[in-house]
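Biologist: I'm new to this structure and would like a close look at one stretch of it. Please give me the overall picture, then walk me through one helix and whatever surrounds it.

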Amino acid sequence: MAPVNPIRVTERAQKLATEILLPGDIAVDGTAGKGRDTACLAQAVGPTGQVHAFDIQPEAIASTRNLLEVAGLLSRVSLHLRSHAELAEVLTAEQRGKIGVAIFNLGYLPGGDASIITQPASTDRALRDAFAHLRPGGRLICVAYTGHPGGPEESDIVLSFAEQQAKAGLHVEKIGYYPTPGKPWILVVNKPSV
Ligand SMILES: C[S@@+](CC[C@H](N)C(=O)[O-])C[C@H]1O[C@@H](n2cnc3c(N)ncnc32)[C@H](O)[C@@H]1O
């Protein structure tokens with residue numbers, strides 16, 4: 001499969017999210033960063049939906065809050081200054097199994113401290129929990145990078161998660177998966193509709 005242009009990868013991931021989300025949906029942004037993906041999800045779920053956005057850096061949560069405030073979307077988003085590995089803990093009883101889309105954009109905060117990166121163990125936990133709590137027809141999207149230290153190892157974890165889902169008979173896409181350092185790729189796993 002051809003590699004994905006790194007500049008376009010986030011746009012592609014957002015499109016994969018918005019084509020699934022319905023007004024009133026619950027969505028998760030596992031890595032809020034500058035808030036662009038969170039804002040995109042908040043727009044798509046509409047005023048009756050809700051987004052849970054996670055980041056471990058106060059700077060990222062502050063940037064995301066600022067972007068949402070300016071866009072008039074803050075009331076649709078719960079911001080969590082905690083690891084995405086704890087996402088199952090923030091879901092209410094009504095939200096469990098009701099997530100329309102969970103999106104992860106791994107790596108480090110653009111323009112921030114490049115040594116603070118997502119980690120294989122917490123990423124693995126978060127992917128599994130997010131997938132477990134998708135609604136029927138929901139979608140998990142994960143952008144993985146191989147160009148920074150630690151990226152290839154994390155990418156392997158994402159790949160192994162993908163292979164396990166494929167073995168379980170789920171529809172898995174690895175857009176641009178290409179084992180060359182520096183190339184991002186997107187994992188998409190859909191939860192079957194019932
Ligand atoms: C590539 S950025 C995300 C970009 C973001 N989605 C956007 O639209 O701007 C990756 C983010 O993951 C965050 N991060 C690292 N480890 C994390 C963890 N365990 N839980 C949640 N966020 C984490 C980093 O602080 C960083 O802000």
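Modeller: Happy to. The protein chain has six helices and seven strands, and what you see is a predicted model. Reading along the sequence, you meet them in the pattern α-β-α-β-α-β-α-β-α-β-α-β-β. The radius of gyration is 15 Å, close to the 16 Å that the globule rule gives for 194 residues, so the chain is as compact as a globular protein of that length. If you line things up along the principal axes, the C-alpha atoms fill a box of roughly 40 × 40 × 30 Å. Buried residues make up 45% of the 194 in the chain. Among contacts with a separation of 6 or more, 73% are between residues 24 or more positions apart.

Now for the close-up: let's take helix H2, which covers residues 36-45. Eight of its ten residues are buried, so count this helix as mostly covered, taking buried to mean 20 or more other C-beta atoms within 10 Å. The buried ones are Asp 37, Thr 38, Ala 39, Cys 40, Leu 41, Ala 42, Ala 44 and Val 45. What do they pack against? On the helix side there are H1 (9-18) and H3 (58-71). On the strand side there are E1 (26-29), E2 (50-54), E3 (77-80) and E4 (99-105). Just after the helix ends, Gly 46 takes a positive phi of about 75°.

Let's zoom in on one of those neighbours. Gln 14 sits in helix H1, and it counts as buried because it has 20 C-beta neighbours inside 10 Å. Leaving out residues up to four places away in sequence, Gln 14 touches Asp 37 and Cys 40, both of which are on the list of buried residues in H2. To get a feel for distances, try Gln 14 and Thr 118: they are 104 residues apart in sequence and 19 Å apart in space, C-alpha to C-alpha.

The start of H2 also brings us to the ligand. The ligand has 23 residues around it, and the closest are Thr 31, Gly 33, Lys 34, Arg 36 and Leu 109. Arg 36 is where H2 begins, given that the helix spans residues 36-45. As for character, the shell around the ligand divides into eight nonpolar, eleven polar and four charged residues.

Next, the strands that H2 packs against, starting with E1. In a regular strand the side chains alternate between the two faces of the sheet. You can follow that in E1: Ile 26 and Val 28 point one way, Ala 27 and Asp 29 point the other way, and all of them are buried. E1 and E2 run parallel and are joined by four bridges, with Val 51 of E2 as the bridge partner of Ala 27. To get from E1 to E2 the chain goes through H2, and this β-α-β crossover is right-handed.

E1 also pairs with E4, again parallel and over four bridges; here Ile 26 stands opposite Ile 99. Seven of the seven residues of E4 are buried, so that strand is largely enclosed by the rest of the structure.

If you keep going from E4, you reach strand E5 (residues 134-144), which runs parallel to E4 and is joined to it by six bridges. One facing pair to look for is Phe 104 and Cys 142. Helix H5 (residues 120-132) belongs here too, making a right-handed β-α-β unit with E4 and E5.

After that the sense of pairing changes: E5 and E7 pair antiparallel over six bridges, and Leu 140 stands opposite Val 189. E7 is mostly covered, with five of its six residues buried. Strand E6 (residues 171-175) joins E7 through five bridges, also running antiparallel, and His 171 faces Asn 190 there.

For contrast with the covered helix we began with, look at the segment after E7, where you will find Val 194. With 6 other C-beta atoms within 10 Å, Val 194 is exposed, because 12 or fewer is the cut-off for that. Val 194 also lies 31 Å from Ser 83, C-alpha to C-alpha, with their positions 111 residues apart in sequence.

Terms used. Residues are numbered from 1 along each chain as its sequence is written. This is a predicted model: local features need pLDDT of at least 70, side-chain atom pairs count only at pLDDT 80 or more; totals for chains, interfaces and linings use all residues. A residue is near a molecule or strand if its C-beta atom, placed from the backbone, lies within 6 Å of it. Ala, Val, Leu, Ile, Met, Phe, Trp, Tyr, Cys and Pro count as nonpolar, Asp, Glu, Lys and Arg as charged, and the others, Gly among them, as polar. Helices (H or I, at least four residues) and strands (E, at least two) are DSSP runs, numbered from the N terminus. Two residues are in contact if their C-beta atoms, placed from the backbone, lie within 7 Å. The radius of gyration is taken over C-alpha atoms; the globule rule is 2.2 Å times the number of residues to the power 0.38. Two strands pair if DSSP finds at least two bridges between them. A crossover is right-handed if, with the strands pointing away from the viewer, the path from the first strand over the helix to the second runs clockwise.
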